[in-house]
Amino acid sequence: MPNDIAKGPATPGCEKVDPILVANNVRRQFGGNVAVDVEHVEIPRGKITALIGPNGAGKTTFFNLLTGFDQPNSGEWSFDGKNLAGVAAYKVSRMGMVRTFQLTKSLNMLTVMENMRLGAQKQPGESLLRALFKPLWRKNEDTITITASELLSRFKLDAKADDFAASLSGGQRKLLEMARALMTKPKLVMLDEPMAGVNPALTQSLLEHIKGLKAEGMTVLFVEHDMHMVRNISDWVIVMAEGKIVAEGPPNEVMKNPAVIDAYLGAHHDSDLGADKIAKGN
Amino acid sequence: MDIIFGNAVDWLFQPITAAYALAAIGIALHFGFTGLLNFGQAVFMAVGAYGFSISVKVLHFGFWPSVLVALIASVIMAFILGIPTLRLRSDYLAIVTIAAAEVFRFIVSTTSAQPITGGPQGLNEYSNEFWAMNPIPAGHYKFWVWDYTQDDIFARAVSWGLVIGFAILLAILVRSPWGRVIKGIREDEDAVRSLGKNVYSYKMQSLVVGGLMGTVAGIIFVLPTSVQPGNYGTTLTFFIWTILLLGGASTVLGSIVGAMIFWSLLSLTSDLLSAGVDNGVITFISQNQIGDIRFMLVGIGLMLLVIFRPQGIFGNKKELYFNA
Ligand SMILES: Nc1ncnc2c1ncn2[C@@H]1O[C@H](COP(=O)(O)OP(=O)(O)OP(=O)(O)O)[C@@H](O)[C@H]1O
Ligand SMILES: [Mg+2]
């Protein structure tokens, strides 16, 4: 299948036509265990890219490194042409690259609405001195609240707006975290297992939301174990195993790649990964 | 009996009570709203007491410049404590603050520091300019069992005016977007970081502002009395924490009411015990044991409070359900 994403053939670490994120030789070791060892990878702009791989492949660690939450032993990477190595996590987020966490981080003793408002950027009332003078930030707060309400109803959380985030279910917290990340108006959204624990009825509409983000011009990079979702919404799939990128390509082709089946199923070569998992999803 | 209750009520409004209330408001900001474990509020109070009194006595500064010196010293202290620790886990700040308070106390009370800090004797008579500002005509003002001088009333008015002012400041801050960020940090600082907030800077701001409250409290604490190095031990910090938890950590009013209850209960228990001993009702303790026993009784009272109302008097019960 021809594609407009990669410049050449879809090999691991291949160059993209229009990359938004480029990483080189990013390596992270925990003691003797090399968690991430990515020679080269590019994330295509304006597309939905899935990052898949077995448990412990290094996907979350790679996310942490890229977003400044962890420091690599070596390597460099750039976002939108700007070098990001050594840049603090909050600055990465301000540049438009926002991530969610595999272990959901809802701010429990804030209400759902306050969680959302916290995601907003450029609220002057967040400065200590201006905070004292409400007229300086009330208007921004009103605008923020409108945006937040819209997002909350999109994610079916509007009824919960005034409840403590602690009262949400696990799946609802996932949704809240994603909605909150969108409050920052990012260029690149990085979602670490956004569907884990979200019920199937909502999964379908979430998939639509994620496609909607692409339609709005955002780039999405997500980690997911649910092959149905990967196949359904991603334009491109990157496969990690033991810290390395082992395969890349459009979803249909990647699922048939022996290297991928190998990475996922180890010795059980006889069972076909794609068909098996996807059948379950459908 | 009137006198006993009169004393207890008097303690509600003593400048010392105000000082404890204000210091507790400071750690309400640190701990209750930002999640910072400051176990050295005593050092901020000591910086206030010594910064102010040394400026007056040794440097011969006026009242206001001396207050300014104390406030600047407080900000510097917050940076010294915060810069190495606020990037680390919260326990590190706890260890460093507790140590800093003790180190500070040892330094000021050494005899070699006597020319500046007064050494073990401390300092006194630095408040003349403060009393001179008193607009209340000299005399004795009597109500019920109380008999106040113009200075007593002035000290109470100024102290409580400051407490109310800072309480309002804190209330405004925690309801603002700034307050939202620090509350977010209390819940999960990585989440707040992922939303583009400079967590380190916010923690530092909180440490500085809460520390300044401690410093002003330290000045209130010594204005009507004297500076005694022995007062700035860990007991001071733990009483302030007791007051904070008594009233409710994530509240503004809690610290004020907590301080009032704490001090008037102390006064009440010791006066009642003392009266009991005098009248022969209580025979198994002597007068000079009362000072210790009242703290035991207050301790038991606080334990009961923590068991039956763990969120503090003003705290929100829901917060505990969710944290459990
Ligand atoms: N803080 C840490 N200290 C030590 N080892 C770690 C740490 N974090 C991750 N690792 C190790 O790094 C490897 C990669 O972990 P990572 O969490 O990135 O995997 P993952 O691909 O996200 O897996 P999953 O799909 O289960 O979430 C694992 O072997 C893990 O044990
Ligand atoms: Mg993971």
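1. Which element of chain A gives the most to the shell around ligand 1? In this predicted model, helix 1 of chain A does, with three residues.

2. The shell around ligand 1 holds 14 residues. A:Asn55, A:Lys59, A:Thr60, A:Thr61 and A:His225 are the closest. By class, eight residues of the shell are polar, four are nonpolar and two are charged.

3. Polar contacts to ligand 1 come from side chains and backbone. The side chain of A:Thr61 places a polar atom 2.5 Å from an oxygen atom of the ligand. A polar backbone atom of A:Gly58 is 2.9 Å from an oxygen atom of ligand 1. For A:Asn33, a polar side-chain atom lies 3.3 Å from a ligand oxygen.

4. On its own, ligand 1 has 640 Å² of accessible area, and the protein covers 62% of that. Two elements of chain A give two or more residues to the shell: strand 2 (33–44) and helix 1.

5. Now the metal. The magnesium ion is ligand 2, and its protein donors are A:Thr60 through OG1 and A:Gln102 through OE1. These donors lie 1.8 to 2.1 Å from the ion. The pair joins distant parts of the chain, with the two positions 42 residues apart. A:Thr60 belongs to helix 1 (residues 59–66), while A:Gln102 sits in the loop between strand 6 (97–99) and helix 3 (112–118).

6. Are the magnesium donors buried, exposed or partly exposed? A:Thr60 has a relative accessible area of 25%, so this residue counts as partly exposed. A:Gln102 is also partly exposed, at 34% relative accessibility.

7. A:Thr60 deserves a second look. This residue is a magnesium donor and is also among the closest residues to ligand 1.

Terms used: Residues numbered from 1 in each chain as written. Chains lettered and ligands numbered in written order. Predicted model: local features only at pLDDT ≥ 70, side-chain atom pairs only at ≥ 80, totals over all residues. Heavy atoms only, no water. Donors = N, O, S within 2.8 Å, 3.2 Å for Na, K, Ca; no water. Helix = DSSP H or I, 4+ residues; strand = E, 2+ residues; numbered from the N terminus. Buried < 20%, exposed > 50% of the residue type's maximum accessible area, 1.4 Å probe, protein only. Near = heavy atom within 4 Å. Polar contact = N/O pair within 3.5 Å; in protein donor to acceptor, adjacent residues only side chain to side chain. Areas by Shrake-Rupley, 256 points an atom, 1.4 Å probe, with all protein chains shown as cover. Nonpolar A, V, L, I, M, F, W, Y, C, P; charged D, E, K, R; others polar.
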